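Good morning, everyone, and thank you for making the time. Please have the sequence and the model open in front of you, and follow along as I go from one part to the next.

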Amino acid sequence: MFCHSSRVRLDIDSLRTLRAIVESGSFTGASARLHLTQSAVSWKIKRLEERLGHALLVRDGKTIELPENKEIDIDAKTITKDNVEAYWARLKELPNIDFRPGIGFAQMLARSNEAIVTLSDGHQLSTKLVIGADGRNSAVRRAAGIDVKTTRYGQKALTFAVTHDAPHDNISTEIHRSGGPFTLVPLPDHDGKPCSAVVWMEHGDAAMRLAALSEADFEAAANERSAYLYGPLKLASRRSIWPIISQIAQDLTAPRTALVAEAAHVMPPIGAQGLNISLKDLSCLLDLAIAQPDQLGAPKMLDTYARQRHPDIKLRVTGIDALNRASIAGNPMMQSLRSKGIEALYGVTPIRRTLMQMGLGAR
Ligand SMILES: Cc1cc2nc3c(=O)[nH]c(=O)nc-3n(C[C@H](O)[C@H](O)[C@H](O)COP(=O)(O)OP(=O)(O)OC[C@H]3O[C@@H](n4cnc5c(N)ncnc54)[C@H](O)[C@@H]3O)c2cc1C
């Protein structure tokens, strides 16, 4: 996930920082919102401006904002001051949304018929249902007293973009070898050349060594690892590094609370499962809320949500964990077991069907 402006590709982290500054109107507001020091926020913006070769923000001493007519492209979608403001204006317009940028969840007290939520600015709200959609370190989950089971693989993922000669035909490809898969995800053309995002999973120390290589050496290593599928790969972004974990919440619900997305489940980035599974959580909650609005956040609704979502989440987290472990395996015996394991996974019809539904591209 990255963006480009004037043909420069940028990472989502820098953009989040930029957005936090623009939304909160200050570096102080952004640092509070992102839980970063103010100097870390300044450094990220300085680095972003250096990469773009021009200043991004207009600072008039008191306020900070995007200059008029300044464009930043994200994956072919253009963000300008005008349309960022249009998104915010649209959110503010919606009668059922109270949009409070820069303000987070702090704590809550669940009662039998409502939850009282305290926000980071000290305001309190009462609500029938709190949805924890606040990521893998969810504060809502902690406040609800829900524990997690976390598996660490000693792996990291390098993420970056490349251009190449051969077309990707909009097909995502995973190349498995020891250390973890090398995944090419199709992106729109960049500088008139086919372009892909890469997620390269490796043992932690190997990933750190790769991240520190010069651009030319890194490209040579990536070419070799891609088996030259699309011809020589040319880096088109900076490299980011992510720890790989699998995590599942012990419960999906607590009184007046439901967890969704990474607050409930995290899995290695294999088979592009993150978004799909999170959308299923949301759609399940929505269906239940529409079916019986008077039951919103009541034990009956929350039990049904947990019953409907838990088996699917468990299956996916377990399946992706198995595929990842098979993919990490390095020695020849494990490699052979791995391919047999993957063959077996693909060979058993119900599992194959499930994997296909999960978007894993079973043959
Ligand atoms: C290397 C890598 C590659 C991936 N590739 C893919 C892929 O190709 N396809 C795919 O589908 N998935 C992919 N994923 C997974 C995907 O990134 C996640 O599934 C997705 O980002 C999770 O969304 P989320 O909303 O649960 O969490 P996040 O994206 O982490 O969002 C959580 C939000 O909660 C906010 N927040 C945190 N604390 C608070 C608080 N106290 N109060 C209020 N708000 C708060 C944060 O600011 C943030 O905006 C990948 C993940 C990794 C690491």
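Let me begin with a question: which residue in E18 is the bridge partner of Gly132? Before I answer, I should say that this is a predicted model, in which local features need pLDDT of at least 70 and side-chain atom pairs count only at pLDDT 80 or more, while totals for chains, interfaces and linings use all residues. Residues are numbered from 1 along each chain as its sequence is written.

The answer is that Gly132 has Leu259 as its bridge partner in E18. When I say strand or helix, I mean a DSSP run, numbered from the N terminus, with at least two residues for a strand (E) and at least four for a helix (H or I). By that count the protein chain has 11 helices and 19 strands. Two strands pair, in the sense used here, if DSSP finds at least two bridges between them, and E10 and E18 pair in the parallel sense over 3 bridges. They belong to an open sheet of 3 strands in the order E10-E18-E17, where the pairing is mixed. Strand E10, residues 130-132, and strand E17, residues 253-254, are the edge strands, each pairing on one side only. As a general reminder, strands of a sheet pair through backbone hydrogen bonds, either parallel or antiparallel.

Let us now turn to another sheet. It is also open, with 3 strands in the order E7-E8-E9, and its pairing is antiparallel. Here the edges are E7 and strand E9 (124-127), each of which pairs on one side only. Strand E7, residues 105-110, is joined to E8 by 5 bridges, and within that pairing Leu109 stands opposite Ile116 in E8. On the other pairing, 4 bridges join E8 to E9, with Thr118 standing opposite Gln124 in E9.

E7 and E8 form a hairpin with 4 residues between them, and Ser112 lies in that loop. Is Ser112 buried or exposed? A residue is called buried if 20 or more other C-beta atoms, placed from the backbone, lie within 10 Å of its own, exposed if 12 or fewer do, and partly exposed in between. Ser112 is exposed, because it has 8 other C-beta atoms within 10 Å. Although Ser112 and Gly297 are 185 residues apart in sequence, their C-alpha atoms are 9.7 Å apart in space.

A similar look at Arg152, which lies in strand E11, shows that this residue is exposed, because 11 other C-beta atoms lie within 10 Å. Its C-alpha atom is separated by 6.7 Å from that of Ser246, which is 94 residues away along the chain.

What about the interior? Of the 363 residues of the protein chain, 31% count as buried. A nonpolar core, for our purposes, is a set of buried Ala, Val, Leu, Ile, Met, Phe, Trp, Tyr and Cys residues joined through C-beta atoms within 7 Å. The largest such core has 36 residues, and those touching the most other members are Ala249, Ala258, Leu259, Val260, Ala264 and Tyr305. Among the elements that give two or more residues to this core are strand E16 (240-249), strand E18 (257-259) and H8, while the largest share, 9 residues, comes from helix H9. A second, separate core of 19 residues includes Leu158, Ala161, Ala222 and Ala236.

Val260 deserves a moment of its own. Two residues are in contact if their C-beta atoms lie within 7 Å, and, leaving aside neighbours within four places in sequence, Val260 is in contact with residues including Ile131, Gly132, Ser278 and Leu285.

I will finish with the ligand. 18 residues surround the ligand, the closest being Gly104, Gly135, Ala261, Gly274 and Leu275, where a residue is near a molecule if its C-beta atom lies within 6 Å of it. Strand E11 (148-163) and helix H8 (273-291) each supply at least two residues of this shell, and H8 gives the most, with 3 residues. The shell divides into 11 nonpolar, 5 polar and 2 charged residues, where Ala, Val, Leu, Ile, Met, Phe, Trp, Tyr, Cys and Pro count as nonpolar, Asp, Glu, Lys and Arg as charged, and the others, Gly among them, as polar.
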